[in-house]
Amino acid sequence: QVQLVESGGGLVQPGGSLSLSCAAFGFRFSLYTMSWYRQAPGMERELVANISGGGISTYIVDSVKGRFAISRDNSADTVYLQMNRLKPGDTAVYYCNAFRRATWGPVDYWGQGTQVTVSS
């Protein structure tokens, strides 16, 4: 079965750091673009970062650029989000996503989410 399992969320003070991990199961991980999304209360889900299958190309949303970094380890079927200098506005549920444009159409999977709370 296909599964994405996020971990690493928690409570951190402003200015602190967290590292999120998303372990993938049940599909050819290296063929998928991996993304981190987040959703704060009352807000739409927002793309934070993504990384291409081979790990060469990355995207970081402007609001976290310079503070967050996305990486992946295809040998471990895992994608990471390193979050530094966290701000209260980063508080959200963070979701892992796997996406591939198959010949028959798009394919994507979602994790269950992990809560990140930035508060003093």
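How many bridges join strand 1 to strand 3, and in which sense do the two strands run? The points below start from that question and work through the rest of the model, which is a predicted one.

1. Strands 1 and 3. Five bridges join these two strands, and they run antiparallel. One place to look is L4, which stands opposite A24 in strand 3. Strand 1 covers residues 3-7, and its side chains alternate. L4 and E6 point to one face and are buried, while Q3, V5 and S7 point to the other face and are not buried. As background, side chains in a regular strand alternate between the two faces of the sheet. Note that a charged residue, E6, is on the buried face along with L4.

2. The disulfide. The structure holds one disulfide. Its partners are C22 and C96, with their sulfur atoms 2.1 Å apart. C22 lies in strand 3 (residues 18-25) and C96 in strand 9 (residues 92-102), so the bond ties together parts that are 74 residues apart in sequence. The torsion about the S-S bond is about -80 degrees, so this disulfide is left-handed. C22 has a relative accessible area of 0% and is buried. C96 is buried as well, at 0% relative accessibility.

3. Strand 9 and its partners. Strand 9 pairs with strand 4, strand 10 and strand 11, and each is taken in turn here. Strand 4 (residues 33-39) is joined to strand 9 by seven bridges, and the two run antiparallel. Within that pairing, T33 stands opposite F99. Strand 10 (residues 105-110) pairs with strand 9 in the antiparallel sense over six bridges. There, N97 has W110 as its bridge partner. A hairpin joins strand 9 to strand 10, and two residues make the connection. Strand 11 (residues 114-118) pairs with strand 9 over three bridges, again in the antiparallel sense. In this case the bridge partner of V93 is Q115.

4. R101. This residue also lies in strand 9. Is R101 buried or exposed? R101 counts as exposed, with 72% relative accessibility. Its C-alpha atom is separated by 8.4 Å from that of Y32, although the two residues are 69 apart along the chain.

5. Salt bridges. Side chains of opposite charge can pair when their charged atoms come close. A search of the whole structure finds four salt bridges. One of them is between R38 and E46, where the closest N and O atoms are 2.9 Å apart. R38 is buried at 8% relative accessibility, whereas E46 is partly exposed at 29%. Another salt bridge is formed by K65 and D62, at 3.0 Å from N to O. Here K65 is exposed, at 52% relative accessibility, and D62 is exposed too, at 62%.

6. D90 and R67. The side chains of these two residues meet in a salt bridge of 2.7 Å, N to O. D90 lies in the loop between strand 8 (78-83) and strand 9, and R67 in the loop between strand 6 (58-60) and strand 7 (68-73), so the pair ties together parts that are 23 residues apart in sequence. D90 is buried, with a relative accessible area of 2%. R67 is also buried, at 8% relative accessibility. The two residues do not stand apart from the pair in point 5: R38, E46, R67 and D90 are linked in a network of salt bridges.

7. R72. Which side chain of opposite charge is nearest to R72, and how far away is it? The nearest is D77, at 7.2 Å, and R72 is buried yet has no salt bridge. A salt bridge needs the charged atoms within 4 Å, so D77 is out of range. R72 lies in strand 7. What its side chain does have is polar partners: the backbone oxygen of F29 is reached at 2.9 Å, and a polar contact of 2.8 Å joins R72 to the side chain of N74. Leaving out residues up to four places away in sequence, R72 touches a list of residues that includes F29, S30, Y32, I51, V79 and Y80.

Definitions and conventions: Residues are numbered from 1 along each chain as its sequence is written. This is a predicted model: local features need pLDDT of at least 70, side-chain atom pairs count only at pLDDT 80 or more; totals for chains, interfaces and linings use all residues. Side-chain values use heavy atoms; hydrogens and water are left out. A disulfide is a pair of cysteine sulfur atoms within 2.5 Å. Helices (H or I, at least four residues) and strands (E, at least two) are DSSP runs, numbered from the N terminus. Buried means under 20% relative accessible area, exposed over 50%, partly exposed in between (1.4 Å probe, protein chains only). Two strands pair if DSSP finds at least two bridges between them. A polar contact is a pair of N or O atoms within 3.5 Å; within protein, one must be able to donate a hydrogen and the other to accept it, and residues adjacent in sequence count only if both atoms are side-chain atoms. Contact means heavy atoms within 4.5 Å.
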